[in-house]
Amino acid sequence: MGSLQDQEPATPSYFLPVNEAEAERLMAQHLVLIDSLDGRIVLPDIDLTQPGLKILDSGTADVFAGHWISELRKKLPSPGIHTYVGTDINPSLFPKTLPPDTSFSVHNISHEWPSDMHSTFDLVHQRLTLPGAAPTPLSQVISQLFALLKPGGWIQLVEAEQEGPDSGPVFQEFLDLVRGLFTATGAGWHYARDMRGWLEEAGAVDVDECVVDMAFGAKNPNEKLAEMSARCTAKAMDGLVKHAKSKLRF
Ligand SMILES: C[S@@+](CC[C@H](N)C(=O)[O-])C[C@H]1O[C@@H](n2cnc3c(N)ncnc32)[C@H](O)[C@@H]1O
C-alpha cells in the first residue's frame with residue numbers, strides 16, 4: 001500500500017516540452033481525435049448516469065490540456081456524481097484548483113500501481129500514453145492497468161497506429177520518423193493493434209475495437225481543425241526527438 005505521491009520520483013522523464021505550447025498542442029490533438037470519434041468521449045457501453053462510479057484517466061496531462069476528465073464531467077447531466085482520478089508521470093500541467101470530485105497524482109505507468117488502487121475503478125481510460133512506458137514491455141503496462149478494474153469494470157485505451165497510407169509526402173516522412181523513434185525506444189509501433197491481445201491475456205472479456213481515421217491538416221474538412229492539427233503535428237516533432245534522446249544512449 002502507499003500513496004501515489006510517495007512512490008514516484010519527482011523528476012519526470014516524459015518527452016514533450018511542458019509549457020503553454022504543449023498544452024495547446026494537446027488540446028488540438030484532443031479536438032481532432034474527438035471529432036474523428038463523432039464527439040464520443042467514452043466508447044464502452046457503461047451507464048454513466050448511475051452515481052458513484054470511480055473513473056481513472058492515466059496519462060491525463062491535465063484538465064485543460066489532456067482534457068478528458070473535464071470533458072466527461074461536462075457531458076454528464078449532473079457533475080459531481082462520480083469520483084475522478086487523473087495520473088501522469090509529469091505533474092507540471094496539473095491544475096492548481098480542482099472540483100471536489102477530482103484528484104490528480106503522479107504515477108509512471110511502467111511501475112506497478114499501489115495495491116490500494118487495485119480492483120477499485122469502474123472505468124479506466126488511457127489515451128496516447130502507452131509508448132511513454134518503453135522499454136517496459138507494453139503488455140505488462142496493460143496488465144497492470146487492467147488490475148485496477150473492479151469486476152465488471154471497463155477499460156478504454158486509445159492509441160495511434162502511426163500509419164497514413166493516403167497521406168502526402170510530408171506526413172509520411174513524419175510518420176516514418178515517429179515509427180523509427182518508437183522502434184528505437186522499445187515501444188515499437190504496432191502497439192495499437194496489439195492492445196486487444198494484451199487485454200485478453202490480462203483477462204478482459206467483451207473486447208471491442210473501433211478504428212477511425214484522424215484527419216490531419218488539409219485532409220480535415222473543418223478549416224479550424226485542419227489548421228490546428230497541422231500546427232500540433234509540427235509541434236510534436238521537437239518533443240519526440242527529445243524523448244528519443246532521453247531514452248537512448250548515443
Ligand atoms: C500525448 S500526451 C496525451 C495526454 C492525454 N492523455 C490526451 O490524450 O490528451 C501523453 C501523456 O502521457 C504522459 N506520459 C508519458 N509517459 C508516461 C509514463 N511512463 N507514465 C505516465 N504518464 C506518461 C505524458 O506526461 C503526457 O501527459
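Let's start at the ligand: 17 residues surround it, and G59, D88, N108, I109 and R127 come nearest. Here a residue is near a molecule if one of its heavy atoms lies within 4 Å of it. This is a predicted model, in which local features need pLDDT of at least 70 and side-chain atom pairs count only at pLDDT 80 or more, while totals for chains, interfaces and linings use all residues. Residues are numbered from 1 along each chain as its sequence is written, and side-chain values use heavy atoms, with hydrogens and water left out.

**The ligand's surroundings**

The shell holds 6 nonpolar, 8 polar and 3 charged residues. In this grouping, Ala, Val, Leu, Ile, Met, Phe, Trp, Tyr, Cys and Pro are nonpolar, Asp, Glu, Lys and Arg are charged, and the others, Gly among them, are polar. Helix α2 (residues 20–36) gives the most to this shell, with 3 residues. A helix is a DSSP run of H or I with at least four residues, a strand a run of E with at least two, numbered from the N terminus.

The table lists polar contacts, meaning pairs of N or O atoms within 3.5 Å.

| Protein atom | Ligand atom | Distance |
|---|---|---|
| D88, polar side-chain atom | oxygen | 2.4 Å |
| I109, polar backbone atom | nitrogen | 2.9 Å |
| T129, side-chain N or O atom | oxygen | 3.2 Å |

Taken alone, the ligand exposes 590 Å², and the protein buries 96% of that; these areas come from the Shrake-Rupley method with a 1.4 Å probe.

**A pair of strands**

Strands β4 (residues 121–127) and β5 (residues 149–158) run parallel, joined by 6 bridges; strands pair if DSSP finds at least two bridges between them. H125 stands opposite Q156 in β5.

Note on methods: Polar contact = N/O pair within 3.5 Å; in protein donor to acceptor, adjacent residues only side chain to side chain.
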